[in-house]
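Colleague: I'm new to this one and would like a close look at just one part. Please take me through the charged side chains and what surrounds them.

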Amino acid sequence: MYEIIILQEEGEALLGFKFVENIHMVDKKQAKTHKSKRINKKWMKRYGYIHIPKKDVFIMGDMVVGHPQTIRMLKDLN
């Protein structure tokens, strides 16, 4: 569920931070929408939701918590 990655040899800004990947940090958006509430409810059951990863990270002490794609983006910056 959670994976901890410790960067020790990276840039000075990330030195000592523990990166925690949380796959549950997503926004849900309905895959297909309709202007009618009744039809929208049926389409929600049929087509479901799209999970969009959140771009936010949370810093708690020496831990940085974020979605795995966001953590990968942070690593690629260095």
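Modeller: Here is the overall layout, followed by the part you asked about.

This is a predicted model, so local features need pLDDT of at least 70 and side-chain atom pairs count only at pLDDT 80 or more, while totals for chains, interfaces and linings use all residues. Residues are numbered from 1 along each chain as its sequence is written, and side-chain values use heavy atoms, with hydrogens and water left out.

The protein has two helices and six strands, in the order β-β-β-α-β-β-β-α from the N terminus. Helices (H or I, at least four residues) and strands (E, at least two) are DSSP runs, numbered from the N terminus. Of the 78 residues, 24% are buried; that word means under 20% relative accessible area, with exposed over 50% and partly exposed in between (1.4 Å probe, protein chains only).

Now for the charges. How many salt bridges are there? The count is one, where the rule asks for a side-chain nitrogen of Lys or Arg within 4 Å of a carboxyl oxygen of Asp or Glu. The partners are Asp27 and Lys54, with 4.0 Å from N to O. Asp27 sits in strand S3, whereas Lys54 is in the loop between strand S4 (49-53) and strand S5 (57-60), so the pair ties together parts that are 27 residues apart in sequence. Both ends are partly exposed: Asp27 has 38% relative accessibility and Lys54 has 29%.

Lys54 also brings us to His67, which is in the loop between strand S6 (63-66) and helix H2 (68-77). Is His67 buried or exposed? At 11% relative accessibility, His67 is buried. Setting aside residues up to four places away in sequence, His67 touches Lys54 and Pro53, along with Asn22, Ile23, Met25 and Val26. A contact here means heavy atoms within 4.5 Å.

Next, the positive side of things. Lys32, Lys37, Arg38, Lys41, Lys42, Lys45 and Arg46 form a patch of positive charge on the surface. Patches take residues with over 30% relative accessible area and no salt bridge, joining like charges within 9 Å and nonpolar side chains (Val, Leu, Ile, Met, Phe, Trp, Tyr) within 5 Å. Lys32 is in the loop between strand S3 (26-30) and helix H1 (37-47), and it is partly exposed at 36%. One residue that touches Lys32 is Asn40, in helix H1; beyond four places in sequence, Asn40 contacts Gln30, Lys32, Thr33 and His34. Between Asn40 and Gln30, 10 residues apart along the chain, the C-alpha distance is 9.1 Å.

Finally, two acidic residues. Asp62, in the loop between S5 and S6, is partly exposed with a relative accessible area of 37%. Outside its neighbours within four places in sequence, Asp62 is in contact with Gly16, Phe17 and Lys18. Asp62 and Lys18 are 44 residues apart along the chain, yet their C-alpha atoms are separated by 6.1 Å. Glu21 belongs to strand S2 (residues 18-22) and is buried at 13% relative accessibility. From Glu21 to Val64, 43 residues away in sequence, the C-alpha atoms are 8.5 Å apart.

Key: Areas by Shrake-Rupley, 256 points an atom, 1.4 Å probe, with all protein chains shown as cover. Lys, Arg positive; Asp, Glu negative; His and termini not counted. Charge placed at Lys NZ, Arg CZ, Asp CG, Glu CD.
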